[in-house]
Amino acid sequence: MTASPRAVELALAAAQAAADKLGHDLLILDVSERLAITDCFVLASAGNERQVKGIVDEVEEKLRPLGAKPVRREGEREGHWVLLDFVDVVVHVQRDEERVFYSLERLWKDCPVIPFTDATVGAAAGAATSASASGASSAAGSLGGGSANAL
């Protein structure tokens with residue numbers, strides 16, 4: 001058995017929401033063959049408690065339009081490790097220290113990884129390439145290089 005398409009859709013949306021709030025070390029694991037209670041784990045790291053909360057809020061906001069709302073939420077008060085249970089997907093948002101200490105990816109290392117690519121990284125890279133190209137041409141223009149009027 002593998003994760004359902006719905007679970008993969010929610011997991012990818014949750015990972016993107018975490019990335020949008022600068023979550024890092026994002027990982028989606030297909031735990032469907034090991035656990036009967038959920039299909040996917042989404043793991044995200046954050047630098048501090050405020051960022052953990054921001055990621056949690058963003059995940060909930062992005063999954064709501066997809067018809068998903070958490071049936072259980074744990075750890076919110078402390079803000080070191082918040083678990084959001086969407087039934088098909090369980091999202092773990094941890095401070096960096098907790099992520100290293102508990103090492104969930106090591107515990108679930110036999111589970112397949114679902115590929116995730118941050119959509120904003122590709123967009124940012126494209127924008128940076130365009131900006132540097134236009135910056136280079138304007139710099140050349142200001143130096144008089146390549147200008148037809150310089151002849």
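The following questions and answers concern helix 2, the nonpolar cores and the aromatic pairs of a predicted model.

In this predicted model, local features need pLDDT of at least 70 and side-chain atom pairs count only at pLDDT 80 or more, while totals for chains, interfaces and linings use all residues. Residues are numbered from 1 along each chain as its sequence is written, and side-chain values use heavy atoms, with hydrogens and water left out.

Visitor: What span should helix 2 have, at 1.5 Å a residue?
Guide: Helices are DSSP runs of H or I, at least four residues, and strands are runs of E, at least two, numbered from the N terminus. The expected span is 1.5 Å times one less than the number of residues. Helix 2 has 15 residues (49-63), and its end C-alpha atoms are 21 Å apart, which agrees with the expected 21 Å.

Visitor: Which residue caps the N-terminal end of helix 2?
Guide: The backbone nitrogen of R50 lies 3.1 Å from a side-chain oxygen. That oxygen belongs to N48.

Visitor: Which residues of helix 2 are buried?
Guide: Buried means under 20% relative accessible area, exposed over 50%, and partly exposed in between, with a 1.4 Å probe and protein chains only. The cover over the buried residues of helix 2 includes helix 1 (5-20), strand 2 (40-46), strand 3 (72-74), strand 4 (81-85) and strand 5 (89-95). The buried residues are Q51, V52, I55, V56, E58, V59, E60 and L63.

Visitor: Which element gives the largest share of the largest nonpolar core?
Guide: A nonpolar core is a set of buried Ala, Val, Leu, Ile, Met, Phe, Trp, Tyr and Cys residues joined through side-chain atoms within 4.5 Å. The largest has 27 residues, and among those touching the most other members are V59, L63 and V89. Two or more residues come from each of helix 1, strand 2, helix 2, strand 4 and strand 5. The largest share, eight residues, is from helix 1.

Visitor: How is the aromatic pair of F41 and W108 classed?
Guide: Rings of Phe, Tyr and Trp (its six-membered ring) pair if their centres lie within 6.5 Å; planes under 30 degrees apart count as stacked, over 60 as edge-to-face and the rest as tilted. For F41 and W108 the centres are 5.3 Å apart and the planes at 85°, hence edge-to-face.

Visitor: Is F101 buried or exposed?
Guide: F101 belongs to an aromatic cluster with W81 and Y102. Y102 has a relative accessible area of 37%, so Y102 is partly exposed. The value for F101 is 64%, so F101 is exposed.

Notes
Contact means heavy atoms within 4.5 Å. A polar contact is a pair of N or O atoms within 3.5 Å; within protein, one must be able to donate a hydrogen and the other to accept it, and residues adjacent in sequence count only if both atoms are side-chain atoms.
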